[in-house]
Amino acid sequence: MARRDLNLDDEKRSYAGLWLLCAALLVVGAIWTILDDTFLRRPWKAYQHGYYALAEEKEREALAAEQAKLDEKAEYQALREKLAEAEAGLASPETVAKLAGAEQRLSSAKITESDADLQVRFVKSELEAAWYEYDHAVEHGGNVGEAQKHRDELIHKKAEDEKAWTEAQAVVARLEAEVGEIKAPVRTVEKQMQEHEGDRALVEVRLDGLKSVVANIEMKPIATIKQIVLPDFDVNNYEQPVDRVDRCTSCHMGIAKQGFEDAEEPWKTHPHRDPLMTKHPPETFGCTACHDGQGPALNSIHQAHG
């Protein structure tokens with residue numbers, strides 16, 4: 001039987017199968033790595049997303065309740081009607097034309113004021129250089145008269161430019177007052193309404209705090225590890241003080257917050273919140289000091305609570 005010729009030409013060898021296998025293993029490994037790092041070893045991320053969803057739901061309910069309170073206030077309803085009348089007056093053709101003209105003049109005046117400000121900055125820089133040339137001429141025997149003349153000219157020019165800048169500022173202030181006077185009926189009513197909207201505004205601020213903006217895209221807050229370090233809390237085998245790391249609030253995010261008393265774990269508010277959390281705030285005492293467990297563990301509930 002003839003033996004196979006093993007001395008094949010390298011140009012005729014094909015490694016397509018081997019490369020395909022390696023590429024497939026690389027893709028599978030990358031997918032597993034992302035899955036393991038994002039989900040399998042990060043259960044606390046899901047708990048944080050769940051907390052943010054629950055908190056947003058509660059804040060929206062609170063916002064609706066505050067709006068309902070405002071809708072029941074006769075005084076607030078009267079202000080809303082007054083605001084509608086003021087906005088209708090502001091939208092009349094005559095007022096629109098008047099406001100547009102004032103705003104156009106104001107925009108032009110702001111450009112003039114900005115140019116005047118820039119001119120003052122330029123002449124100040126030139127004057128500093130002229131003072132240096134004058135002092136240098138006095139100390140080293142230069143042309144003192146010419147340097148002094150140039151300096152005095154710039155001082156005079158600076159005074160004129162500053163006067164022009166002050167006049168431009170006055171024009172801007174006058175036109176701003178004119179625009180404000182036109183909008184005054186609406187702004188006055190809006191200010192009166194804001195005096196009734198304080199509680200609703202606080203809820204809106206809290207609701208905005210549950211959002212983050214990345215590249216101009218509104219999204220949920222990014223999950224992050226919440227870590228508390230208790231200095232010199234423990235003692236090692238050599239009788240040396242060591243810090244304790246406590247990451248319990250990475251999952252138990254509602255532990256010290258009011259309003260989560262009826263929530264499920266791990267978002268539930270700590271029992272007897274007022275007496276306990278005020279005297280033992282988590283950021284100072286942590287959780288494991290009383291509840292034990294593995295403070296740094298985040299990979300699994302069993303490890304953290306073990």
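Which pattern does the chain follow when read along the sequence? In this predicted model, the order is α-α-α-α-α-α-β-β-β-β-α-α-α-α. The chain has 10 helices and four strands. Its radius of gyration is 36 Å, whereas the globule rule gives 19 Å for 306 residues, so the chain is more spread out than a compact globule. Along the principal axes, the C-alpha atoms fill a box of roughly 105 × 80 × 60 Å.

Some totals for the chain help to fill in this picture. Of the 306 residues, 25% are buried. The accessible surface is about 21800 Å², and carbon and sulfur atoms account for 56% of that area. Contacts across the sequence were also considered: among those between residues at least 6 apart, 62% join residues at least 24 apart.

Helix 3 offers a helpful place to look at packing in detail. This helix runs over residues 74–90 and has 17 residues. From its first C-alpha to its last it reaches 24 Å, close to the 24 Å expected at 1.5 Å a residue. Its buried residues are Tyr76, Leu79, Leu83 and Ala86. These four lie on the same side of helix 3 because they cover an arc of only 75° around the axis. On the other side of the helix, Ala74, Glu81 and Glu85 are exposed. What do the buried residues of helix 3 pack against? Their partners are helix 2 (43–72), helix 5 (144–194) and helix 6 (198–208).

The cysteines were examined next. A search of the whole structure finds zero disulfides. Cysteine 287 is in no disulfide, and the nearest cysteine sulfur, which belongs to cysteine 248, is 4.4 Å away. For a disulfide, the two sulfur atoms would have to be within 2.5 Å. Why is cysteine 290 without a bond to the closest cysteine sulfur? That sulfur, in cysteine 287, is 8.7 Å from the sulfur of cysteine 290, which is too far for a bond. As for their surroundings, cysteine 287 is buried, with a relative accessible area of 16%, whereas cysteine 290 is exposed, with a relative accessible area of 68%.

Definitions and conventions. Residues numbered from 1 in each chain as written. Predicted model: local features only at pLDDT ≥ 70, side-chain atom pairs only at ≥ 80, totals over all residues. Heavy atoms only, no water. Helix = DSSP H or I, 4+ residues; strand = E, 2+ residues; numbered from the N terminus. Expected span 1.5 Å × (residues − 1). Buried < 20%, exposed > 50% of the residue type's maximum accessible area, 1.4 Å probe, protein only. Arc of directions from axis to C-beta. Contact = heavy atoms within 4.5 Å. Rg over C-alpha atoms; globule rule 2.2 N^0.38 Å. Areas by Shrake-Rupley, 256 points an atom, 1.4 Å probe, with all protein chains shown as cover.
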